[in-house]
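User: I would like to learn how to read strands, salt bridges and pockets in a protein model. Could you walk me through one, step by step?

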Amino acid sequence: MLLRSSFAVLATTALLLTAPMAAASSLDAVKAKYIETWSSVNSFKCDIHIETSQVDEEAGAEMDMNSTGNMQALRQSDGSFFWRMDLEMAINMPAAGMEIEAKVTTVYDGEFVHTVMEFMGQKQVSRTRDHEKSTVPIGESMWEGLEEDTTLTYIGEGEVNGIPVYLVRAEWEEEDEDAPAGGAVYSFRQDNALVLRAEIEVGDEPGTIIMTASNYDLAADVDESAFQVEIPVGANILDLE
């Protein structure tokens, strides 16, 4: 259960991390600058690093996961974004004496969210038909989604690796079963409005996810072919609605 839920959380939270925002002393000012910034972004690429620590209290199992990879996205004519994230994961489950290496590619092509996983000698492909939350994380619509699903609070200033940042906390509704986490703190650069770090509190299976993004290219050359999913030979295919 830990492994399956973590794969689902990673895609959503990584997308939240890559949204550019701006320095401001109030949420209204942050929102205004956010919309302004995204209006000129038609494509981007960035590197992503994710450290996950979770505990399944019922089973008494712990899991640590270190993920490294990249993300790219391309705006479509209707204003939405197609996106792709490629991650290599190192997963450690001490109680079971297991160390697992996995490769995960997640692609949103406007209709489906496809996930291609290769781990422990297995290949699995799943796809979920686009729904309301699939189009929220990137672009101007992300802010609308956060306002709808969370309570946002501007909590002040700080630093990440010596770089001044503004801090915003998001609290998901407790009754929201689809919420990726119990709460999160996002660190936004003061000089160029990009997110450097997100620390996310995992809800039903206690733990944290700490995500960082770097090497942003907000005018990247992204080809449509990046969003064509290649299904590995011999993969199990799951169609999830």
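Analyst: Happy to. Let's begin with contacts: leaving out neighbours within four places in sequence, I100 is in contact with M89, A90, I91, F119 and M120. Please keep in mind that this is a predicted model.

User: Where does I100 lie, and is I100 buried or exposed?

Analyst: I100 is part of strand 4. Its relative accessible area is 6%, so I100 counts as buried, the cut-off being under 20%. You can also compare sequence and space: I100 and A90 are 10 residues apart along the chain, while their C-alpha atoms are 5.9 Å apart.

User: What about M98: which residues does M98 touch?

Analyst: M98 is found in strand 4 too, a strand that covers residues 98-108. Setting aside residues up to four places away in sequence, M98 touches I91, N92, M93 and M120. With a relative accessible area of 29%, M98 is partly exposed, because that value falls between the 20% and 50% limits. The C-alpha atoms of M98 and M63 are separated by 9.6 Å, with their positions 35 residues apart along the chain.

User: How do I read the strand pairing, and which strand pairs with strand 4?

Analyst: Look at the direction of the pairing, the number of bridges and the turn. Strand 4 and strand 5 are antiparallel over 7 bridges, and T105 stands opposite V116 in strand 5. These two strands form a hairpin with 3 residues between them, and G110 in the turn has a positive phi of about 95°.

Strand 5 also pairs with strand 6 (residues 122-129), in the antiparallel sense over 8 bridges. There, the bridge partner of T115 is S126. The hairpin of strand 5 and strand 6 has 2 residues between the strands, and M120 in the turn has a positive phi of about 50°. Strand 5 is mostly covered, with 7 of its 8 residues buried.

User: How many bridges join strand 2 and strand 3?

Analyst: Strand 2 (residues 61-75) and strand 3 pair over 12 bridges, in the antiparallel sense. Within that pairing, N70 stands opposite D86 in strand 3. A hairpin links the two strands with 5 residues between them, and G79 in the turn has a positive phi of about 95°.

User: Now the charges: how many salt bridges does the structure hold?

Analyst: The general idea is that side chains of opposite charge can pair when their charged atoms come close. This structure holds 4 salt bridges. One of them joins D86 and R84, with the closest N and O atoms 2.8 Å apart. Another joins R169 and E171, at 2.5 Å between the closest N and O atoms. R197 and E199 form a salt bridge at 3.0 Å. R197, at 27% relative accessibility, is partly exposed, and E199, at 33%, is partly exposed as well. Through shared partners, salt bridges join R169, E171 and E201 into one network.

User: And pockets: what volume does the second largest pocket have?

Analyst: Rolling a probe the size of a water molecule over the atoms shows where empty space is left. Here the second largest pocket has a volume of about 240 Å³. Of its 14 lining residues, R84, D86, T105, V116 and E118 are the closest to the centre. Strand 3 (81-93), strand 4 and strand 5 (112-119) each give two or more residues to the lining. By class, the lining has 6 nonpolar, 2 polar and 6 charged residues.

Key:
Residues are numbered from 1 along each chain as its sequence is written. This is a predicted model: local features need pLDDT of at least 70, side-chain atom pairs count only at pLDDT 80 or more; totals for chains, interfaces and linings use all residues. Side-chain values use heavy atoms; hydrogens and water are left out. Helices (H or I, at least four residues) and strands (E, at least two) are DSSP runs, numbered from the N terminus. Buried means under 20% relative accessible area, exposed over 50%, partly exposed in between (1.4 Å probe, protein chains only). Contact means heavy atoms within 4.5 Å. A salt bridge is a side-chain nitrogen of Lys or Arg within 4 Å of a carboxyl oxygen of Asp or Glu. On a 1 Å grid over the protein atoms alone, a cavity is a set of points where a 1.4 Å probe fits but cannot get out, and a pocket is an open set with protein on both sides within 12 Å along at least five of seven lines; lining residues have an atom within 4 Å of a point. Grid points are joined across faces, edges and corners, and a volume is the space filled by probe spheres set on the points. Ala, Val, Leu, Ile, Met, Phe, Trp, Tyr, Cys and Pro count as nonpolar, Asp, Glu, Lys and Arg as charged, and the others, Gly among them, as polar. Two strands pair if DSSP finds at least two bridges between them.
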